[in-house]
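Please walk through the metal sites of this model and the segments around them. Where do the details sit?

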Amino acid sequence: MKIEILGCSGGIGQGLKTTTFLIDETLLLDAGTGLELLTMERLLNIRDVVITHGHLDHIIGLPLMLATIFDQHRAPIDVYALPEVITALKEHIFNWTIWPDYTTLPEDNPIIRLHPVDVGDIMNIQDKAIEVIPATHPTPTAGYLIKDASHSFLFTGDSGLNEPLSALLNQHQPELLIIDVSFIDESTALAQLSGHLTPSLLALQLKSLEYNPRIAITHLKPGVEDHIMQQCHRLLPQQQVDRLLQGEVITLR
Ligand SMILES: [Zn+2]
Ligand SMILES: [Zn+2]
């Protein structure tokens, strides 16, 4: 499985794009500003889009992508998200005010089909099984456990301390964990208010882990990335903890 990191920042700025992961060229996990990096041909190759939640940094690329490929697209794109996120997309994005309603365009064969999914569901998409896992964030949010025949990884989505996560990790033992650590420890109050982890909360989250996955930190707030990673390394000296990097291509094999 090939995971291309098109965006993994908690903000924007020169060289920084928001959460956008492209898996095996055809499956998109969150649709942030990282979509800007794809050519037309690669945009056209995307068949399915899985969305963690409706916050703008995770969806803003989707309406823009649809407008870009509209004339040339080959088949409808299937979009999967929690029911509340599907409703939010319909009411607040594809409402003819913010953007055209691409769920009805073109009339005979609309370019997107929206599919609500619930926590606990396992979707069979392309050659993968994708389990919807819970997350803790101020708006309905999911994480996803993505498996193919031989490999798996788990992306937490945006989330603060997530009680069921440890058991899910121990049960499935994905080899890679992509986890949101947006803030430094000094900003713990803000992290808790906004539903993100700090390095100390990460250490707490991983305390009952019974195996050693590779851990990739995502959604770091611009300007404090190095500080976050220093605190992570100090608190978790035994774990393999790296910062997820934009442009990185992770091949699970
Ligand atoms: Zn969010
Ligand atoms: Zn976010």
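The report below covers the two zinc sites, then a loop aspartate, a proline and a helix.

This is a predicted model, in which local features need pLDDT of at least 70, side-chain atom pairs count only at pLDDT 80 or more, and totals for chains, interfaces and linings use all residues. Residues are numbered from 1 along each chain as its sequence is written, chains are lettered from A and ligands numbered from 1 in the order in which they are written, and side-chain values use heavy atoms, with hydrogens and water left out.

**Zinc sites**

Donors here are N, O and S atoms within 2.8 Å of the metal (3.2 Å for Na, K and Ca); water is not among the atoms, so sites may look incomplete. The table sets out both sites.

| Ion | Protein donors | Distance | Angles among the four donor atoms |
|---|---|---|---|
| zinc ion (ligand 1) | H53 (NE2), H55 (ND1), H137 (NE2), D158 (OD) | 2.1 to 2.4 Å | 89 to 165 degrees |
| zinc ion (ligand 2) | D57 (OD), H58 (NE2), D158 (OD), H219 (NE2) | 2.1 to 2.2 Å | 90 to 170 degrees |

The site of the zinc ion (ligand 1) is irregular. The site of the zinc ion (ligand 2) is irregular too. Four donors count as tetrahedral if all angles lie between 85 and 135 degrees; four count as square planar and six as octahedral if opposite donors are over 155 degrees apart and all others between 65 and 115; anything else is irregular.

D158 coordinates both ions, which are 3.5 Å apart. Along the chain, the donors of the zinc ion (ligand 1) follow the spacing H-x1-H-x81-H-x20-D. Those of the zinc ion (ligand 2) follow D-H-x99-D-x60-H. D158 and H219 link distant parts of the chain, 61 residues apart. D158 is in the loop between strand 10 and helix 5 (165-172). H219 is in the loop between strand 12 (214-218) and helix 8 (225-235). Helices (H or I, at least four residues) and strands (E, at least two) are DSSP runs, numbered from the N terminus.

Both D158 and H219 are buried. Buried means under 20% relative accessible area, exposed over 50%, partly exposed in between (1.4 Å probe, protein chains only). H53 counts as buried because its relative accessibility is 0%. H55, at 29%, is partly exposed.

**D148**

D148 sits in the loop between strand 9 (142-147) and strand 10 (152-155). Which side chain of opposite charge is nearest to D148? It is K128, 5.5 Å away; D148 is buried yet has no salt bridge. A salt bridge is a side-chain nitrogen of Lys or Arg within 4 Å of a carboxyl oxygen of Asp or Glu. Lys and Arg count as positive and Asp and Glu as negative; His and the chain ends are not counted.

The D148 side chain does reach backbone nitrogens: that of S150 at 3.0 Å, and that of H151 at 2.7 Å. Leaving aside neighbours within four places in sequence, D148 is in contact (heavy atoms within 4.5 Å) with M1, D127 and K128.

**P222**

P222 lies in the loop between strand 12 and helix 8. P222 is partly exposed, at 35%. Beyond its neighbours within four places in sequence, P222 is in contact with S9, G10, G11, I12 and L16.

**Helix 5**

In helix 5, L165, S166, L168, L169 and N170 are buried. Their cover includes strand 8 (128-134), strand 10, strand 11 (176-180) and helix 7 (199-205). Q173 follows helix 5, with a positive phi near 45 degrees.

How values were computed: A polar contact is a pair of N or O atoms within 3.5 Å; within protein, one must be able to donate a hydrogen and the other to accept it, and residues adjacent in sequence count only if both atoms are side-chain atoms.
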